Amino acid sequence: MTSIADINRAPLPTLERLGVSEPNNVDAAAVAQSWFNTFAKHVEAGDVQGVLSQILDDAFWRDILALTWDFRTFYGTKSIGQFLADRLATSKLSALQLDTKSATLQAPYPDLAWIQAFFTFSTAVGTGSGIVRIVPTSSGEWKAHTVFTNLEGLKGCPELIGPLREQVSKHGTWPEQRRQERECEGPDQQPIVIIVGGGQSGLELAARLKYFGIKTLVVEREARIGQLWRKRYEALCLHDTVWYDHMPYLPFPPTWPVFAPAPKLADWLESYAHALELDVWTSSTVTRATQDPETKRWTVEIERANAEPRTFIVKHLVFAVGIGGGTHNTPQYPGADDFEGTIVHSGNYTTAREYEGKKVVVVGACTSGHDISRDLCDHGVDVTMFQRSSSYIMSVKHGVTTVIGGLYHEGGPSPDVADRVNASFPNFLQKPIHQRLVRDIAEKDKETLDGLRRVGFRLNTGIDGSGFILLAWSKASGYYFDVGASQLIIDGKIKLKNDSQISRFTRKGLEFENGSTLDADAVVFATGYGDARDPLRKVLGPETGARLKTIWGLDAEGEIRGAWRDMGIPRLWVMMGNLALCRFHSTHLALQIKAIEEGLFDEKRYSLESLPN
């Protein structure tokens with residue numbers, strides 16, 4: 001019998017493990033419908049044992065909000081059975097319907113085969129979508145290996161889009177109306193939600209909330225929306241593709257480049273906020289937020305550069321300040337005060353032109369370290385990358401297309417469909433899948449990887465050989481998607497040092513533990529960011545801040561901690577992630593807020609930490 005302790009070692013349902021040969025001449029729609037009819041009958045009857053008879057002993061069931069009001073992954077029949085016994089009757093699943101056209105036989109590898117199909121359902125308060133993958137067994141039956149259930153909407157609370165969009169002509173009144181909305185003037189324009197941070201995460205959530213009818217104010221400290229992207233190093237481009245990065249309601253145009261330059265994305269974010277009529281205060285800072293323990297409402301104090309301070313009492317407070325909130329993680333070494341050169345964190349690095357004619361050491365060998373080193377090299381700067389520990393490297397050409405190209409590509413499924421397929425693979429199930437992908441990518445990248453090893457660059461294959469995926473979920477660092485810097489390292493144009501750790505600064509550069517030295521006019525620390533809770537604590541104060549749950553990293557079930565879900569403090573939320581994660585999970589966070597406001601959710605979750613040991 002499997003247990004939660006086994007989930008991190010869960011194997012794939014290979015044909016050999018299942019004791020079957022490759023299925024041929026299968027009518028996928030008929031097989032899926034037959035399985036689904038029995039599954040749906042047991043679900044609607046609340047027959048837990050009946051449902052369990054339709055799944056493998058080591059099956060996964062991932063639920064996002066639909067049955068648990070949380071992000072949960074259950075592994076094995078014991079865990080799934082307890083979950084269903086606790087939640088099936090309460091959730092009142094009904095109206096289960098299979099999309100037979102979606103049923104397809106898939107064989108991602110010669111030893112793997114399953115039928116994937118989409119379905120829909122209703123719950124006591126909402127509507128949901130699901131994805132199932134069923135596999136053949138030695139008995140001749142097909143059984144589910146993965147079941148995914150996802151809350152899609154709330155009954156009686158549609159998004160105000162399409163036929164529900166604004167219908168009234170506003171002849172001459174729109175500019176003044178927008179001014180009042182932006183300034184939150186009048187009793188009807190007081191925000192229910194305040195979002196701290198106007199990057200992609202804050203804007204995408206604000207858009208979702210607006211079109212659920214929830215008045216929201218975004219508070220952005222920079223003078224312009226997207227300014228943090230403009231302030232990053234000039235060479236920065238997104239390493240994710242355009243098909244992966246689309247934003248809700250307003251996708252990128254078909255002319256958009258595959259890899260967007262950061263300043264271009266910054267301008268798009270600004271346009272996005274204007275086009276969707278989001279209420280954003282720039283040059284503004286949330287200085288303090290306190291919660292009434294009885295009403296759970298937040299008193300939020302805001303300072304504005306060009307206006308009087310304002311204080312609001314709101315029902316929900318969201319922090320959308322990024323993985324590190326801009327708090328630089330800069331290692332401290334003795335002698336820094338005596339160093340005659342410049343010390344800068346990558347977050348403050350903008351252009352290589354400032355370093356022309358100088359010697360620069362870049363500390364760090366992940367994404368920012370590589371991008372900055374390449375930028376310096378391209379400008380003729382004498383640059384040395386100091387590699388503190390091994391890194392996972394894959395090329396954008398072979399790696400990104402292999403990992404996400406099957407779902408996100410020109411002419412592929414819509415982002416909404418792709419997002420749900422992607423989410424239907426629990427994170428710990430992605431581990432053995434990515435272990436295979438890593439080997440495939442390494443074969444395609446063999447020339448580059450061999451060249452890096454030849455010059456002494458230290459490589460790894462990620463956590464348990466899973467490449468970047470668990471590194472991203474665990475710490476959002478430790479890898480680089482190669483867009484050219486690797487060849488510069490191989491060619492010696494970017495120098496490499498990794499034979500000893502830094503001991504101290506000297507007047508002229510760095511000294512290492514083995515006694516070697518490195519002259520430098522500037523040292524750039526591409527060493528990431530601090531605890532994601534730090535910027536929240538500055539606003540909330542030490543007492544409330546001490547109650548915050550950990551943000552990011554994986555819990556025991558393989559779910560991301562903190563973001564988009566309960567943070568340990570009622571009606572305090574964290575929104576973060578890349579463009580794709582924000583597109584998908586902005587709906588989940590907006591649904592939770594809307595459900596609370598409509599009295600559909602009593603804020604009692606079926607959470608991992610709330611269950612008895």
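Visitor: What classes of residue make up the lining of the second largest pocket?

Guide: The lining has 11 nonpolar, 5 polar and 9 charged residues. Ala, Val, Leu, Ile, Met, Phe, Trp, Tyr, Cys and Pro count as nonpolar, Asp, Glu, Lys and Arg as charged, and the others, Gly among them, as polar. This is a predicted model, where local features need pLDDT of at least 70 and side-chain atom pairs count only at pLDDT 80 or more, while totals for chains, interfaces and linings use all residues. Residues are numbered from 1 along each chain as its sequence is written, and side-chain values use heavy atoms, leaving out hydrogens and water.

Visitor: Why is one space called a pocket and another a cavity?

Guide: It's all grid work, on a 1 Å grid over the protein atoms alone: a cavity is a set of points where a 1.4 Å probe fits but cannot get out, whereas a pocket is an open set with protein on both sides within 12 Å along at least five of seven lines. Lining residues have an atom within 4 Å of a point. Points are joined across faces, edges and corners, and the volume is the space filled by probe spheres set on them. The second largest pocket comes to about 730 Å³. Closest to its centre, out of 25 lining residues, are Glu166, Lys210, Tyr211, Leu276 and Glu277. Helix H5 (174-183) and helix H6 (200-210) each give two or more residues to that lining, and H5 gives the most, with 4.

Visitor: How many cavities of 30 Å³ or more are there by this rule?

Guide: There are 3, and the largest has a volume of about 190 Å³. Its lining has 16 residues, with Asn422, Ala423, Trp473, Leu581 and His585 nearest the centre. Helix H12 (415-423), helix H13 (427-444) and helix H19 (579-597) each give two or more residues, and H19 tops the list with 4. By class, that lining has 9 nonpolar, 4 polar and 3 charged residues.

Visitor: What makes helix H15 mostly covered?

Guide: Of its 8 residues (468-475), 6 are buried, namely Phe468, Ile469, Leu470, Leu471, Ala472 and Trp473. Buried means under 20% relative accessible area (exposed is over 50%, partly exposed in between; 1.4 Å probe, protein chains only), so those six fall under that cut-off. They pack against strand E17 (392-395), helix H11 (396-404), H13, strand E18 (479-482) and H19, where contact means heavy atoms within 4.5 Å. Just past the helix, alanine 476 has a positive phi of about 55 degrees.

Visitor: How do you know that strands E8 and E9 pair?

Guide: Pairing takes at least two bridges found by DSSP. E8 (residues 216-219) and E9 are joined by 2 and run parallel, so they qualify. In one of those bridges, valine 219 partners tryptophan 281 of E9. The open sheet has 5 strands in the order E9-E8-E7-E13-E24, with parallel pairing. E9 (280-281) and E24 (572-574) are its edges, each pairing on one side only. Strands (E, at least two residues) and helices (H or I, at least four) are DSSP runs numbered from the N terminus.

Visitor: Why does the radius of gyration agree with a compact globule?

Guide: The rule, over C-alpha atoms, is 2.2 Å times the number of residues to the power 0.38. For 613 residues that predicts a value near 25 Å, and the chain has 26 Å, so the two agree.
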